[in-house]
Amino acid sequence: KRIHTQNRIQTGKVLVYKSIADTARQYEKQDNLYFVYNSDFRGRIYCATSGLSPQGEDLAKGLLRFGESVRLGASGVFWLAVHGANTFGYDKVSYEERVDWIYEQERQFRDVIKDAISTREFWGSADKPWQFLAFIFEWARSDYGNNEDALGYLPIGLDGSCNGIQHYSAILRDKVGGAAVNLIDSDVPSDIYTDVSTTLYSKLDGISQQPTTEGQYARIWIAAAFDRKLTKRPVMTLPYGSTRQSCKEYIFEWMLDHRSKFPADDWELFTLALWLTPLLWDSIGEVVIAARAAMTWLQKTSSIALKKSRDPLTWVSPAGFPVYQAYALTKGVRIETMIAGTTVGRVRTTSQVQTCDVSVRKQRLGVAPNFIHSIDSSHMVKTINDIDLKAYAMIHDDFGTHAGNTEDLWTQIRITFVDMYKKYEPLREWYDYQIAKGIELDEELPPMGDLDIEDVRNSSFFFG
């Protein structure tokens, strides 16, 4: 079953690749392309186009560039180099080290420009190979970073550090979580996935001293030499509603990708994943304090609200967007039809249709991820409204523009974030909005920490 699933995924990737490439060839002679954007019920902005899209796969992003150019200038050359290092995956060091690394690769870049096919082992090993390849050609047009008057067309992305947890940490002024996701300045980027991995290793190290089955399991995990990639998916999906069950599935998938590090028996593999799950889940809770507290509070208060009123949950985002979470109960309807108009056989199928009743379970499970989506979309919308640039390439928590304007956007992202959280207390506003609807919640707000939100203004790696 696993191999069959992997084959289906691979087939899907090939079809997506072909679709994007075919669309690009169809439109490559056009002077400009235009994309329609719309907003979902939480206020999140999406491109209505699939496949070749600014919010699409790595290949799609690598093929697209802005229709108009902006002169690079000194700061543009700098940020273009940072973008190149980021797309390769050399992004856990300071900006200066990233730029230096790019200049050190000039010989290999020149080889790629001469023959991209025979050098694909180099650029193809990047985290985002097609965007990295697009960067190499843009870098070559700037005379490998030596021509500040060169024109830049490439969208340069500034990515948030585990953005959902950034927002939860800011909401509750959590200094521990805030430091882990770069709300506080540091010499090199903080990495929350590494922090959780280190916490987990410490737990395993203590257990491994025991002459028990648990001690044996701990020793197997330590010998597997796991890293931040084991903890990345459970941590990054936590603010968007992931559960302990999904945490177990992510652990098992990581083990399958590193099969040689574990015993041969598949059942024992699953047992090891099951055993590690509570340890990893607790490790996440020790680092991601505010997210857990805020999510629990939102679910608890939403349950109270739904008991007192069977209406869908509603609230208003910091950008003034009215959120309407309309999850309804569904019921199965049996459909009978004939085959080719004959009575030789009948097909019976069941279709799920919505009812007029609210699904309390879906409302409660959806409130935390949808709430934080409405917050991160507000940050993006407010940032765009607070600055007037020639072009934008925005993907929820990845804000982009021309290299020559990236310095201005880098600064504005921080200003807007701080201003938003100085003027708006999301949990308080959510609470008051329910009270205004006549729903008494009788639930204390989670306690606030001692994070100074002004620290974000000076945080180098908050978005970068």
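The bend at a residue is the angle between two axes, one fitted to the seven residues ending there and the other to the seven starting there. With that in mind, welcome to this predicted model, where a kink of about 30° lies at Thr277 in helix H14, shortly before the proline Pro278. The tour below starts with that helix, then visits helix H7, a three-stranded sheet, one residue of helix H8 and the cysteines.

**Helix H14**

- Helix H14 covers residues 266–287, which makes 22 residues.
- From its first C-alpha to its last, H14 reaches 31 Å, close to the 32 Å expected at 1.5 Å a residue.
- The kink residue itself, Thr277, is among the buried residues of H14.
- Others on that buried list include Leu269, Leu272, Ala273, Trp275, Leu276, Leu279, Leu280 and Trp281, and further along Ser283, Ile284 and Val287.
- As background for reading such a list, an α-helix has 3.6 residues a turn, so residues three or four places apart point the same way.
- What lies over the buried residues of H14? The cover includes helices H9 (175–180), H10 (192–207), H11 (213–223), H12 (228–236), H13 (244–257) and H15 (289–308).

**Helix H7 and its end**

- Helix H7 has 13 residues and reaches 19 Å from first C-alpha to last, close to the 18 Å expected at 1.5 Å a residue.
- Its buried residues are Pro129, Gln131, Phe132, Leu133, Ala134, Phe135, Ile136, Glu138 and Trp139.
- These buried residues pack against helices H2 (58–63), H3 (73–88), H4 (95–104), H5 (106–114) and H6 (120–123), and also against strand E4 (151–152).
- Arg141 also belongs to H7, which spans residues 129–141.
- Is Arg141 buried or exposed? Neither label fits, because its relative accessibility of 43% makes it partly exposed.
- Leaving aside residues up to four places away in sequence, Arg141 touches Arg65 and Ala150.
- The C-alpha atoms of Arg141 and Leu151 are separated by 8.1 Å, with the two residues ten apart along the chain.
- Just after H7, Asp143 takes a positive phi of about 55°.

**A three-stranded sheet**

- Three strands make up an open sheet in the order E5-E11-E10, with antiparallel pairing.
- Strands E5 (155–159) and E10 (393–395) are the edges, each pairing on one side only.
- On average, neighbouring strands of this sheet are turned by 20° against each other, direction ignored.
- E5 pairs with strand E11 (residues 398–402) over five bridges, in the antiparallel sense.
- Within that pairing, Ile156 stands opposite Thr401 in E11.
- Helix H17 (residues 406–423) packs on the sheet and touches E5 and E11, and its direction makes about 150° with that of E11.

**Gln166 in helix H8**

- Gln166 sits in helix H8, residues 163–171.
- This glutamine, Gln166, counts as buried because its relative accessible area is 0%.
- Beyond residues up to four places away in sequence, Gln166 touches Gly160, Ser161, Val181, Leu183, Phe417, Phe462 and Phe463.

**Cysteines**

- How many disulfides does a search of the whole structure find? The search finds zero.
- Why is Cys162 not bonded to the closest cysteine sulfur? That sulfur, in Cys247, is 14 Å from the sulfur of Cys162, so it is too far for a bond, given that a disulfide needs sulfur atoms within 2.5 Å.
- Cys162 is buried, with a relative accessible area of 11%.
- Cys47 also counts as buried, at 11% relative accessibility.

Key. Residues are numbered from 1 along each chain as its sequence is written. This is a predicted model: local features need pLDDT of at least 70, side-chain atom pairs count only at pLDDT 80 or more; totals for chains, interfaces and linings use all residues. Side-chain values use heavy atoms; hydrogens and water are left out. Helices (H or I, at least four residues) and strands (E, at least two) are DSSP runs, numbered from the N terminus. The expected span of a helix is 1.5 Å times one less than its number of residues. Buried means under 20% relative accessible area, exposed over 50%, partly exposed in between (1.4 Å probe, protein chains only). Contact means heavy atoms within 4.5 Å. Two strands pair if DSSP finds at least two bridges between them. Axes are lines fitted to C-alpha atoms, for helices over the stretch in contact, and angles run from 0 to 180 degrees between N-to-C directions.
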